[in-house]
Amino acid sequence: MIQAPKGTYDVLPADQPARRLLETHAQRILGAAGYSRIETPAFEATELFARGVGEATDIVQKEMYSFDDGGGRSLTLRPEGTAPVCRAYIEHGMHKLPAPVKLWYLSSFFRAENPQRGRYRQFWQVGAEVIGAAGPEADAELIVLLLELLEEMGVSGTRLRLASLGQPETRGAYRAELSEYLRAHADELAPEVRSRIELNPMRAFDSNDPGTRAVMAGAPKLIERLAPEDAEHFAGVRALLDAAGVRYEIDPTLVRGLDYYTRTLFEFTSDALGAQSGVGGGGRYDRLIEQLGGQATPGIGWAAGVERILLAAPVMPAAAELVDLLVTVAERDSRPARAVAFEIAREARRAGLAAQLELTGRSLKSALKHADRLKARYVAIVNDADTAQLRDMTGGQQHELAGGAVVAAILRGSRL
Ligand code: ATP
Ligand code: MG
């Protein structure tokens with residue numbers, strides 16, 4: 001038996017209602033705020049992610065499915081949506097559109113990760129981007145829209161963490177300051193933290209070692225080193241969230257795995273998720289469009305994991321599909337009757353009814369049983385080229401009428 005590749009899964013019919021609900025809520029919430037849907041290709045030039053996500057990130061270093069397209073070009077299955085959306089923004093000259101350009105997507109993404117609950121190799125994200133708005137209102141609006149989507153889906157136990165990264169220059173100077181602080185306290189640090197002081201001093205904030213934690217409590221925080229304009233922007237975002245009654249924690253240690261962020265950074269987690277607790281997050285990327293060859297244009301966006309939203313949301317009972325009519329024949333071998341049955345089903349659908357044709361050649365008895373299973377309201381049993389029995393499955397009454405009159409009779413809702 002050939003199975004689906006490790007870390008992938010089938011979206012089965014039973015999974016559709018919950019997914020459709022998410023799509024409907026996203027469309028409604030984001031659409032009402034003026035966001036239009038965009039879909040980009042499943043693969044892109046590898047260069048896009050190397051430049052857009054950052055060579056040094058885990059995504060680019062370890063998680064990309066890259067392949068040669070046969071013509072010597074390296075392509076990559078998209079691991080995230082922001083770089084492709086920005087590529088499309090530049091490619092289609094969207095800077096000529098009235099600013100800001102507000103886009104959302106619901107697509108699948110690919111990362112070579114160790115599969116676990118809530119972590120897959122092909123997964124879905126719903127995401128939103130605002131390109132061409134620099135003010136804190138865009139940041140706060142996006143956060144509020146994601147919160148509303150999570151609330152609408154019933155995601156439980158959510159927490160919002162917020163930080164500001166300032167600009168890359170500030171970050172560089174801060175890293176140097178933090179490294180120096182860590183070197184000064186080197187003998188109080190856990191060995192693995194000590195060995196990574198130069199490579200990634202920020203990681204020291206994640207350590208569980210008591211000695212390291214004590215040192216980190218007194219460490220300088222990036223948030224305290226922001227340039228005045230960046231600090232002011234951050235204060236603006238917080239003021240809007242405060243006024244909207246959104247609860248959040250400032251987390252100076254928040255780091256997300258993408259290099260392109262500037263200023264605001266945020267992440268929603270859910271206590272309902274266990275180890276893979278990140279539901280969605282995002283941030284501002286004011287340098288990204290320029291880095292990808294466009295004009296300097298500010299941007300901000302988020303992405304949320306569809307599987308994680310569904311894992312953290314209450315299980316939805318699948319609503320039964322409505323079936324108005326099942327059309328079958330009295331005599332399996334009657335070609336003319338089968339042709340009439342075929343036509344009745346088509347006519348019924350054109351009239352807006354949910355109508356199914358019996359396709360397996362079942363006996364009449366078993367077709368009626370099937371209609372019960374489907375909870376069909378009516379069954380039409382075509383006798384010959386001219387007549388059909390129309391059976392009301394709720395009351396069991398049955399009437400003979402002309403084949404061509406079946407649909408009209410159902411539409412009249414006639415008491416048979
Ligand atoms: P994590 O820390 O869990 O690896 P991340 O920081 O890599 O998440 P992002 O790149 O910010 O995640 O993607 C946004 C969201 O997409 C995450 O919050 C998560 O809900 C979802 N997500 C990321 N990677 C996966 C995956 N491999 N499988 C399923 N969902 C994922
Ligand atoms: Mg990850």
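**Notes on helix 4 and the five-stranded sheet**

1. Gly93 comes after helix 4 and has a positive phi, near 55°. Keep in mind as you look at it that this is a predicted model.

2. Helix 4 itself covers residues 82-91, and eight of its ten residues are buried, so the helix is largely enclosed by the rest of the structure. The buried set is Thr82, Ala83, Pro84, Val85, Cys86, Arg87, Ala88 and Tyr89; note that Arg87 is in there.

3. What does the covering of those buried residues include? Among the elements are strand 2 (43-45), strand 5 (101-110) and strand 6 (122-131), along with helix 2 (46-52) and helix 10 (288-291).

4. Now for the sheet further along the chain. It is an open one, built from five strands with mixed pairing, and the order reads 13-12-14-15-16. Strand 13 (355-357) and strand 16 (398-402) sit at the edges, each pairing on one side only. On average, neighbouring strands are turned by 25° against each other, ignoring direction.

5. At the strand 16 edge, the partner is strand 15 (residues 387-392): the two run antiparallel and are joined by five bridges. If you want a pair to check by eye, Gln389 stands opposite Glu400 of strand 16.

6. Two helices lie across strands of this sheet. Helix 12 (residues 335-350) crosses strand 12 (325-329), strand 13 and strand 14 (378-382), at about 170° to strand 12. Helix 13 (residues 364-374) lies across strands 12, 13, 14 and 15, and its angle to strand 12 is also about 170°.

Notes: Residues are numbered from 1 along each chain as its sequence is written. Chains are lettered from A and ligands numbered from 1 in the order in which they are written. This is a predicted model: local features need pLDDT of at least 70, side-chain atom pairs count only at pLDDT 80 or more; totals for chains, interfaces and linings use all residues. Side-chain values use heavy atoms; hydrogens and water are left out. Two strands pair if DSSP finds at least two bridges between them. Helices (H or I, at least four residues) and strands (E, at least two) are DSSP runs, numbered from the N terminus. Axes are lines fitted to C-alpha atoms, for helices over the stretch in contact, and angles run from 0 to 180 degrees between N-to-C directions. Contact means heavy atoms within 4.5 Å. Buried means under 20% relative accessible area, exposed over 50%, partly exposed in between (1.4 Å probe, protein chains only).
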